[in-house]
Every structure is written in C-alpha cells, then in structure tokens.
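This report describes the fold of one protein chain, from its overall make-up to its sheets and some local backbone features. The sequence and structure come before the description.

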Amino acid sequence: MHEILDWAYSIVVALFLAMLIHIFLFVPTRVSGQSMYPTLTNGEYLIVSKIGHVMREEPEYGDIVIIDSRTHRERSWMDDLEEPMKNYIAIFNRSSQGHNIWVKRVIGKGGDKLEFRDGHVVRNGTALDEPYINEPMEFSMDESYTVPAGMVFVMGDNRNHSSDSRFIGPVPVDHVLGRVVFQF
C-alpha cells in the first residue's frame, strides 16, 4: 500500500509540474491548415514560449505567434489554465482541435500605419521585404489603417488563404499566447 501511495504522489507531482511548465513556460502545439505555408506546413509540430504572454510583452515584428482569435472577448486566467489541456488532447485527437487558436506572423504594432497595395504591405511608409510569403497578396485597401495601442496586427504567410487581422481586426497583446521558438 505504501508503494502505491508513493507512485500516486509521484504522478500527481509530475502532472502538477508539467501543467506549470505548460501554462507559464512552454507548450507544444500542432499546425492545422495552410495559412502559414511555406513557413509552416499542416501537421507540423511547434514549441511555443509562453514567457512573453505571462509577462504581457509585446511581440517583435516578424515573430511567429500563437493568438486567441476571439479578439472581441476578454481573456481570463481560466483561459490560460484550460488551453494547455485542450492543446494536449488535440495533439492526439485532431477532431478535438479548437478553431480559435491561430498561428500568424506579427506585421504591425500599436501606432503603426499600415497600407495594403500592389500586393505588398506598407508599414509607416516603407514596403515590407517579405521573402517568407507564399505569393503576392491579392488583398488591397484604399485607405491606410493605424494599429491601436496595446494591439498587434497579424497575418499568415499564405496571404491569399489566411484568416487574420485583415478580417478579425487587431489582436490585443493579452491575446498573443506565445511565440514559436522551435518547429519540427
């Protein structure tokens, strides 16, 4: 009986430590879809650093980030507790994947003036050099767009086949759940 209790205690402690790591430090995830092609492909595994999310740091230009696409709702600490569990289940059972967690690239930050013309993104008057995109973008806008403070503007690398900030709007920094640090 003592040995069974020792095993149970060890398992509970290991699970607790694993959850702490996944909530606050790193989490594995899997790419679902083609919106980041050719940089990331469907089914590819990623390791995501959660440290920036925990510290509420604004990501850098060009960072590949995981976002909560439900930009018009407040996030709570409960969301941060539930997502690692859902993420692990989705790795083994693709049908249980949620569709609100997206992988995208940071294109603009608060205060940036963005324009979309001639197949290019123009940030603060300078066309971005984007060798990572799949093909020239077909999307364009007549007016410029200024990213609100405390928000980021994200886009997929497969611009013509990506749902991103062009459609859901800017993403609050607290909806940026982590930064991709490793892919395999």
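## The four-stranded sheet

Two strands are taken to pair if DSSP finds at least two bridges between them. In this predicted model, 4 strands form an open sheet in the order β7-β6-β5-β8, and their pairing is antiparallel. The edges are taken by β7 (126-127) and β8 (145-146); each has a single partner strand, so one side of each is left without a neighbour in the sheet.

Strand β6 (residues 120-123) is joined to β7 by 2 bridges, and the two strands run antiparallel. Within this pair, Arg123 has Thr126 of β7 as its bridge partner. The loop between β6 and β7 holds Asn124. This residue is not a glycine, yet Asn124 has a positive phi of about 50°. Asn124 is partly exposed, with a relative accessible area of 45%.

## The seven-stranded sheet

Another open sheet is made of 7 strands, in the order β1-β2-β11-β3-β4-β9-β10, again with antiparallel pairing. Its edge strands are β1 (26-30) and β10 (171-172), each of which pairs on one side only.

Which strand is joined to β2 by 4 bridges? Strand β11 (residues 176-183) is joined in this way to strand β2 (residues 45-49), and the two run antiparallel. Here the bridge partner of Ile47 is Phe182 in β11.

## Strand β9 and its neighbours

Further along the order of the seven-stranded sheet, β9 stands between β4 and β10. Strand β4 (residues 101-109) pairs with β9 in the antiparallel sense over 4 bridges. One bridge of this pair links Val106 to its partner Val154 in β9. Towards the edge strand β10, 2 bridges join β9 to β10, and these strands also run antiparallel. In that pair, Val152 has Val171 of β10 as its bridge partner.

Why is strand β9 described as largely enclosed by the rest of the structure? A residue counts as buried when its relative accessible area is under 20%. In strand β9 (residues 151-155), 4 of the 5 residues are buried, so the strand is largely enclosed by the rest of the structure.

## Loops with unusual backbone geometry

The loop between β1 and β2 contains Pro38. The peptide bond leading from Tyr37 to Pro38 is cis, with omega near 10°.

Arg56 lies in the loop between α2 (51-54) and β3 (64-68). Although Arg56 is not a glycine, it has a positive phi of about 55°. Arg56 is partly exposed, and its relative accessible area is 46%.

## The chain as a whole

The protein has 4 helices and 11 strands. Its C-alpha trace spans about 75 × 30 × 25 Å along the principal axes. Of its 184 residues, 43% count as buried. Among contacts with a separation of 6 or more, 70% are accounted for by residues 24 or more positions apart.

The exposed area of the protein is about 10,300 Å², of which carbon and sulfur atoms supply 60%. There are 17 positive and 25 negative side chains. The centres of these two sets lie 1 Å apart.

Terms used:
Residues numbered from 1 in each chain as written. Predicted model: local features only at pLDDT ≥ 70, side-chain atom pairs only at ≥ 80, totals over all residues. Heavy atoms only, no water. Buried < 20%, exposed > 50% of the residue type's maximum accessible area, 1.4 Å probe, protein only. Contact = heavy atoms within 4.5 Å. Areas by Shrake-Rupley, 256 points an atom, 1.4 Å probe, with all protein chains shown as cover. Lys, Arg positive; Asp, Glu negative; His and termini not counted. Charge placed at Lys NZ, Arg CZ, Asp CG, Glu CD.
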